[in-house]
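Please open the structure in your viewer and keep the selection tool at hand. The tour below goes stop by stop, saying what to select and what is found there.

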Amino acid sequence: MASKFIASTLEDYRKLYKESTVDPEKFWHEFATEEFIWKRKWNTVLQYDLLKPEIRWFEGAQLNITENCLDRHISELGNKTAIIWEPNNPDESTLHITYKELLSNVNRAANMLKSLGAKKGDRICLYMPMIPELAYAVLACARIGAIHSVVFAGFSAKSLADRINDAQCNIVLTADGGFRGSKVTPLKDIADEALSSCPSVQKCVVVRRTESAVNWHSQRDVWWHEEFAKASDTCEAETMDAEDMLFILYTSGSTGKPKGMVHTCGGYMVWTNFTFRNVFQYKPEDIYWCTADVGWITGHSYILYGPLSAGATTLMFEGIPSYPDMGRFWEVVEKHRVNIFYTAPTAIRSLEASDRSFADSHDLSTLKTLGTVGEPINLEAWEWYDEVIGKKHCPIVDTWWQTETGGIMISSLAGVTPDKPTFATYPMPGVQPAIMDEQGTEVLENPAEGRLCIKFPWPGMARTIYGDHERFRQTYYSTFPGNYFTGDGCKRDENGMYRITGRVDDIVIVSGHNLGTAEIENAINEHPLVNESAVVGYPHDIKGNSIYAFITCIHKPENIETLKREVVDVVSKLIGPIAKPEKIQICTGLPKTRSGKIMRRILRKIASGETDNFGDISTLLNPECVEEIASNRL
Ligand code: PRX
């Protein structure tokens, strides 16, 4: 495992960073040569033109990512657990799947897909719960060179159909149902509804999970267990070009039409392996748990590809943090003696709001590294995570990245580089961030503040939007020509550490002052009674815009007016009177996407006086709260 490309000290990190920027081609040539198996080596390491944009890593190389995630580990790690699967219901048995078993199951699934007509280049949609078959299916697609498009199993029939149609998938894999806490999601019913408007789909493979009754389309539907049982467990890995598509993953866009981000085989493999090992400092005996769903990029990169290519033991959890109670995460940590735990700030905040005894009653002493991802983490949540979960001895890696970046871009390296609360800190080797001012000029001195761009290619970057390269160019490469524009605002402190402040579309200009809604939220969250907050701008006759804050509380406030006054005071104190919210609405929940992001778009509409016409809210985690918020609008 020891590799000169994995930093063990701050000096190592500095050296790697320097090498990766002074001569990126040499750096990635050496890393890719030493750390992976290739069927054929590349002609050039990198060719790029960020104006078009055209990005090609390891041109001419051939590989199969599953040989790097599975086959090459068999001789030494064949009996090591690759995946620990923890079911939704704690009374059901855990599974320990070894590398050998994983390879054989992936091969079976690959042969099953082939027997159903799948071939290299086909797009295959996976609409599945967090069960081992989802991992087998993802890797089986990669094994045969089919392009997987995983759609989170919480999306509505319409969202699923839109994604299937956009990619013209010919096979869909789903399950009779999915367990999530005390609920069963009727996945097959939803898929049936979607497929009624998806003419490209020839076959639908159904895993039996919940034993729910399902409708059956005998021409189209097959049971996973029947086909899988017939399939052989050897399957040669398809030869893929480094720049062949590995997968498509949809992410929301500003226009409402989801963008199918395309990642390719070679660069993505290199990037997820490099970042996983450096950030989490994985050691061979570690048990690593990322709580994300495989339906999101975090699950792709840091439950499956990154950890498996590193020969790690990765825990896959079917359930949710609140079932059967708010201690579930900590029970799983204790049960499996988890060493590295990676979750989202939204989960941390909801756990923080629960009784502390849920955490304190479990043995968390095996934890040595904590991670967060997905949104800026507020100071209070960071401190709670540090103290109550990490017992003040675990480094916290605050990992900033995006679906588009394929893997972690800015983060501390656990125990190797320093962390700083609420800062993602330093860029990964290979990442060259630039902060741009309003005029599009790079701000070179520190401290700095502006829009975050990346000015040089890295191997894991998305190559295009499926079927719409012009939208790709427009969205990411036209605002600051020659640079990848992240859409995020950020600050850099006097030591060069980065703090992501949130989407720049969440900036509100009040009386000519630029205010980051994330910054105001951070201030509001400092109030001890506040659990979460979302701040948006709404039109104001005199100030141009004014601030509207939606908040949820840890428990019911005794006096709402007092609370509002205190919230105004805390904002005034921490940011300045200019940022004071004009309106504060106490809510029982905030509308969130399935990945836990607050849908400020809806709140913006409500704040501006629109109380209906919110567009498709069926993909929200909690659509019911929208009506409540709209009817209580101030
Ligand atoms: O605004 C940033 C925020 O999440 C966005 C990317 O979302 P998505 O593509 O869904 O990927 C999430 C998982 C990688 C970013 O543009 N974001 C992500 N991580 C952080 C973050 N904001 C602050 N700090 C982070 N650590």
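**Cysteines without partners**

Begin with Cys-625, whose sulfur lies 7.7 Å from the closest cysteine sulfur, that of Cys-587, which is too far for a bond. The model in front of you is a predicted one, and in it Cys-625 is buried, with a relative accessible area of 5%. Widening the search to the whole structure brings up zero disulfides. Select Cys-453 next: this residue is in no disulfide either, and the nearest cysteine sulfur, belonging to Cys-490, is 9.4 Å away. Cys-453 counts as buried because its relative accessibility is 0%.

**The open sheet**

Now select the strands of an open sheet, eight in number, which are arranged in the order β12-β11-β8-β6-β7-β14-β15-β23 with mixed pairing. At the edges you will find β12 (221-223) and β23 (464-465), each of which pairs on one side only. Moving inward, choose β6 (residues 123-126) together with β8 (residues 171-175), a pair that runs in the parallel sense over three bridges. If you pick Ile-124, its bridge partner in β8 is Ile-171.

**Helices across the sheet**

Add helix α8 (residues 187-195) to the view, and you will see that this helix lies across β8, β11 (203-207) and β12, running at about 155 degrees to β8. Then select α11, which lies across β7 (147-150), β14 (245-251) and β15 (259-264) and runs at about 140 degrees to β14.

**Where two helices cross**

Keep α11 (residues 297-309) selected and add α6 (residues 132-144): the axes of these helices come within 11 Å and cross at roughly 65 degrees, and the crossing is right-handed. Which residues make the contact? On the α6 side they are Ala-135, Val-138, Leu-139 and Ala-142, while α11 contributes Leu-304, Tyr-305 and Leu-308. Sorted by class, this contact of α6 with α11 has seven nonpolar residues, with no polar and no charged ones. When you look along either helix, it helps to remember that an α-helix has 3.6 residues a turn, so residues three or four places apart point the same way.

**A last helix**

Finish with helix α16 (residues 469-477), in which Arg-471, Phe-472, Tyr-476 and Tyr-477 are buried. To see what surrounds them, also display β2 (54-59), β15, β23 and β24 (484-492), since these are the strands against which the buried residues of α16 pack. Among those strands, β23 is one you have already met, as an edge strand of the open sheet.

Definitions and conventions:
Residues numbered from 1 in each chain as written. Predicted model: local features only at pLDDT ≥ 70, side-chain atom pairs only at ≥ 80, totals over all residues. Heavy atoms only, no water. Axes fitted to C-alpha atoms, helices over the stretch in contact; angles between N-to-C directions. Helix = DSSP H or I, 4+ residues; strand = E, 2+ residues; numbered from the N terminus. Left-handed = near helix turned anticlockwise from the far one by under 90°. Contact = heavy atoms within 4.5 Å. Nonpolar A, V, L, I, M, F, W, Y, C, P; charged D, E, K, R; others polar. Pairing = 2+ DSSP bridges. Disulfide = S-S within 2.5 Å. Buried < 20%, exposed > 50% of the residue type's maximum accessible area, 1.4 Å probe, protein only.
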